[in-house]
Amino acid sequence: MKTKLGLLYGGKSAEHQVSLQTALAVIRALDLEKFDIHPIYINTEGNWIKGPQLSEPVENVKALEFSEGNQLSPLSLAPALFQAEKQETLDVIFPLLHGPNGEDGTVQGLLELLNLPYVGNGVLASAAGMDKVMMKNVFAQAGLAQVNYVAFIKSEWERAKAEAYSKVEAELGYPCFVKPANLGSSVGISKCTNRAELEAAFAEAFQFDRKVIIEEGVVAREIEVAVLGNDEPECSVAGEIVPKKDFYDYKAKYESGDTALIIPADITNEEYAQLKDMAIKAFKSLDCSGLVRADFFLTKDGKALINEVNTMPGFTPFSMFPLLWKHTGVEYPQLIERLVSLAKERHAEKQQIKFTF
């Protein structure tokens, strides 16, 4: 029997276009003999628009941007998620959303309230994984090595800009990286080597979030490991990002392909064991489920520093997560099927929890 799979994509986020590319790639990879695909598009205004069941792969992202004519009202939203065209219950929801209002636990909370199985991380892991400050605080508590960092909220910065810049210079120095705390895909990130660049970077990052994080720059290789599973997570081979620019920015990730992805990374068995151990520790410290991509810095002396985890890594042709699993022996269609299976497994486990009133 086919799995009725609801794809949730788009979103009111700076990563809207990334989500569309992810949805396109997933749809092209799904086996229509195994899945009935039910697309649900969230436009940039945050409106939910349900499209018709897909009987064949779509050609481009334009075909996934449905018109307002099928817009769902708040009262019809829950039934739309529950029901396919023949008034049948959807088996699993696959949130292909990146950034705030999708990857940050908000949609996951909605799906939890509706008691629907969904692919990927739950509310806590999604929220903590999106907020880089909270994520790093959890990692610090778990004893995971990472670069030094400081954080500011917008009102704090506006009241005392000079003091904020001085704190960064005193505690981190240059170079450093300024990032919106709640965003991904390298949107709004700046590398700073002096005070003028730091001032501009703060202003840029605060356009995307009310909180920013500033991280110490390190001379290191950028290594990534993909994690798959629930309570017994598995790791892929490691891959290395070698940007041709100063750092791995949005354009290099999704547009120009102006970067080299080396899979598997040229590292020692001891270095891989260290990365694998830290990736699983990070996964468990956030109580993750389904999938995570763990990003590391690897110094010249072989010390690993965790940079961050991505709880909904992209599935575009340039994305590391599916490439890492491909080189580990799991092809893209099988990877999606595994994620759907893990979603069902986690949902079934939750149904065993008994509540007394």
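Buried means under 20% relative accessible area. The structure treated in these exercises is a predicted model.

**Exercise 1. Determine which residues of helix H3 are buried, and describe the backbone just after this helix.**

Solution. Step 1: Helix H3 spans residues 106–113. Step 2: With the cut-off of under 20% relative accessible area, the buried residues of H3 are Val 107, Gln 108, Gly 109 and Leu 111. Step 3: Just after H3, Asn 115 adopts a positive phi of about 60°.

**Exercise 2. Summarise the chain as a whole: its elements, its burial and its exposed area.**

Solution. Step 1: The chain contains 12 helices and 13 strands. Step 2: Of its 357 residues, 55% are buried. Step 3: The chain exposes about 15900 Å², and carbon and sulfur atoms supply 51% of this area. Step 4: Among contacts with a separation of 6 or more, 69% come from residues 24 or more positions apart.

**Exercise 3. Identify the residues with the most contacts inside the largest nonpolar core, and trace the elements that supply this core.**

Solution. Step 1: The largest nonpolar core has 42 residues, and Leu 7, Tyr 9, Phe 94 and Phe 315 have the most contacts inside it. Step 2: At least two residues of this core come from each of several elements, including strand S1 (3–10), helix H1 (16–29), strand S4 (92–96) and helix H12 (332–351). Step 3: Phe 315 touches, among others more than four places away in sequence, Thr 22, Ala 25 and Val 26, as well as Leu 291, Tyr 332, Leu 335 and Leu 339. Step 4: A second, separate core has 27 residues, including Met 135, Ile 223, Val 225 and Ile 306.

**Exercise 4. Establish the strand order of the open sheet of 5 strands, and locate its edges.**

Solution. Step 1: The order is S11-S10-S9-S12-S13, and the pairing is antiparallel. Step 2: Strand S11 (259–262) and strand S13 (304–310) are the edge strands, because each pairs on one side only. Step 3: From one strand to the next, the twist averages 25°.

**Exercise 5. Describe how S9 is joined to S10, and state how H12 is placed relative to S9.**

Solution. Step 1: Strands of a sheet pair through backbone hydrogen bonds, in a parallel or an antiparallel manner. Step 2: S9 and strand S10 (residues 234–243) run antiparallel and are joined by 6 bridges. Step 3: Glu 224 stands opposite Gly 239 in S10. Step 4: H12 lies across S9, S10 and strand S12 (290–298), and runs at about 55° to S9.

Conventions
Residues are numbered from 1 along each chain as its sequence is written. This is a predicted model: local features need pLDDT of at least 70, side-chain atom pairs count only at pLDDT 80 or more; totals for chains, interfaces and linings use all residues. Side-chain values use heavy atoms; hydrogens and water are left out. Buried means under 20% relative accessible area, exposed over 50%, partly exposed in between (1.4 Å probe, protein chains only). Helices (H or I, at least four residues) and strands (E, at least two) are DSSP runs, numbered from the N terminus. A nonpolar core is a set of buried Ala, Val, Leu, Ile, Met, Phe, Trp, Tyr and Cys residues joined through side-chain atoms within 4.5 Å. Contact means heavy atoms within 4.5 Å. Two strands pair if DSSP finds at least two bridges between them. Axes are lines fitted to C-alpha atoms, for helices over the stretch in contact, and angles run from 0 to 180 degrees between N-to-C directions. Accessible areas come from the Shrake-Rupley method with a 1.4 Å probe; for residues, only the protein chains shown count as cover.
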